[in-house]
Amino acid sequence: MDFKPIDRSYFNQPTLYLAESLLGKLLVKETEEGTTAGWIVETEAYKGPKDRAAHSFGNRRTKRTEVMFGPAGYIYTYVMHTHCLVNIVSGELDKPEAVLIRAVEPCMGIDLMYERRGLNKKKVELTNGPGKLTKAMGITNEDYGLPSFHPPLFIAEGRMSVNIEIGTRIGIENSGEAKDYLWRFWEKHNAFVSK
DNA sequence: ATGGAGATCGACT
DNA sequence: GTCGATCTCCATA
């Protein structure tokens with residue numbers, strides 16, 4: 001099976017719409033070891049200057065946040081403790097916004113995911129969290145700044161997502177009023193959504 | 001130069 | 001439920 005990257009113009013939509021629209025799309029990563037792909041089942045929006053939980057809060061522009069000020073559709077990776085998290089940049093030029101991919105459901109390359117995560121893991125443990133899916137798919141800081149509409153790391157058409165649920169984001173308790181924003185989207189009843 | 005903090009995970013109690 | 005791991009970036013001095 002071969003995947004076709006989505007058209008670049010797809011990313012030119014408001015961040016909250018993009019975050020919801022990404023549900024059901026495929027995230028594909030090609031490496032020398034093989035290709036892995038997963039349906040996106042959980043996302044979170046991070047909206048630039050006004051969002052206390054975003055790295056780009058107050059238009060903070062550093063080496064790390066730089067890519068978020070660029071055009072939409074590029075990859076923003078970020079290292080958290082021992083883990084790597086993956087985002088898609090959105091918003092217009094100079095609007096530092098992004099969508100965090102929190103969970104995917106394995107679609108292709110599942111053997112490879114087991115190899116990377118550990119053969120003794122349950123299937124649901126492969127990709128049901130932002131740090132887990134990057135490890136399963138071999139996504140690292142090396143992917144920072146790459147386009148997400150072109151191999152080796154890209155978004156492709158997937159399946160229709162129904163029963164979308166909306167709620168507050170996770171892991172940002174100390175971010176003031178921002179913690180109450182309903183900027184998290186997920187597929188209801190999908191086992192791969194993080195808890 | 002140095003220290004602190006963070007969009008997490010897994011092991012252990 | 002708590003805690004330790006052990007990274008990179010950024011703010012201080």
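Is Glu66 buried, partly exposed or exposed? I started the notebook with that. Glu66 comes out as partly exposed, at 35% relative accessibility. I note at once that this is a predicted model.

**Entry 1: the Glu66 pair**

I looked up the partner of Glu66. Glu66 forms a salt bridge with Arg61, and the closest N and O atoms are 2.9 Å apart. Arg61 has a relative accessible area of 45%. Arg61 is therefore partly exposed, since that class runs between 20% and 50%.

**Entry 2: salt bridges overall**

I asked for the total. How many salt bridges does the structure hold? I got 14.

Next I went to Arg102. Its salt bridge is with Glu44, with 3.7 Å between the closest N and O atoms. The pair links distant parts of the chain. Arg102 sits in strand β5, residues 97-108, and Glu44 in strand β2, residues 34-47. They are 58 residues apart.

I checked burial for both. Glu44 has a relative accessible area of 0% and is buried. Arg102 has 8%, so Arg102 is buried as well, the limit being under 20%.

I then followed the links outward from this pair. Glu42, Glu44, Arg102 and Arg184 are joined in a network of salt bridges.

**Entry 3: Asp51 and Arg169**

Which residue does the side chain of Asp51 meet in a salt bridge? I found Arg169, at 2.8 Å from N to O. This pair, too, links distant parts of the chain, with the two positions 118 residues apart. Asp51 lies in the loop between β2 and β3. Arg169 lies in the loop between β8 (164-167) and β9 (184-187).

Buried or exposed? I looked up each residue. Asp51 is buried, at 0% relative accessible area. Arg169 counts as buried at 4%.

**Entry 4: the largest pocket**

I turned to pockets. The largest holds about 440 Å³ of space. I listed its lining and got 19 residues. The closest to the pocket centre are Tyr46, His55, Tyr78, Leu85 and Ile172. β2, β3, β4 (83-90) and β5 each give two or more residues to this lining. By class, I recorded 12 nonpolar, five polar and two charged residues.

**Entry 5: the second largest pocket**

I logged about 170 Å³ of space here. The lining has 14 residues. Nearest the centre are His83, Cys84, Pro130, Gly131 and Lys132. Two elements give two or more residues to the lining: β4 and α3 (130-137). Which element supplies the largest share of this lining? It is α3, with five residues. The classes are five nonpolar, six polar and three charged.

**Entry 6: DNA strand B**

I asked what surrounds DNA strand B. The count is 21 residues. His83, Asn87, Arg117, Gly131 and Lys132 come nearest. I cross-checked against the second largest pocket: His83, Gly131 and Lys132 are also among the residues nearest its centre.

I sorted the surface by element. β3, β4, β5 and α3 each supply at least two of its residues. By class, I have nine nonpolar, eight polar and four charged.

I then looked at the DNA side. Of the strand B atoms within 4 Å of the protein, 59% belong to sugar or phosphate. The rest belong to bases.

I wrote down three polar contacts:

- Asn87 places a polar side-chain atom 2.3 Å from a base nitrogen of strand B.
- Pro130 has a polar backbone atom 3.2 Å from a phosphate oxygen of strand B.
- Asn174 has a polar side-chain atom 3.1 Å from a phosphate oxygen of strand B.

**Entry 7: DNA strand C**

Which residues surround DNA strand C? I listed Arg60, Thr62, Lys63, Arg64, His81 and Thr82. This surface has no nonpolar residues, three polar and three charged.

For strand C, 70% of the atoms within 4 Å of the protein belong to sugar or phosphate. Bases make up the rest.

I noted two contacts from backbone atoms. A polar backbone atom of Arg64 is 3.3 Å from a phosphate oxygen of strand C. A polar backbone atom of His81 is 3.2 Å from a sugar or linking oxygen of strand C.

Definitions and conventions
Residues numbered from 1 in each chain as written. Chains lettered and ligands numbered in written order. Predicted model: local features only at pLDDT ≥ 70, side-chain atom pairs only at ≥ 80, totals over all residues. Heavy atoms only, no water. Salt bridge = Lys/Arg side-chain N within 4 Å of Asp/Glu carboxyl O. Helix = DSSP H or I, 4+ residues; strand = E, 2+ residues; numbered from the N terminus. Buried < 20%, exposed > 50% of the residue type's maximum accessible area, 1.4 Å probe, protein only. 1 Å grid on protein atoms, 1.4 Å probe; cavity = no way out; pocket = protein on both sides within 12 Å on 5 of 7 lines; lining within 4 Å. Points joined across faces, edges and corners; volume = space filled by probe spheres on them. Nonpolar A, V, L, I, M, F, W, Y, C, P; charged D, E, K, R; others polar. Near = heavy atom within 4 Å. Polar contact = N/O pair within 3.5 Å; in protein donor to acceptor, adjacent residues only side chain to side chain.
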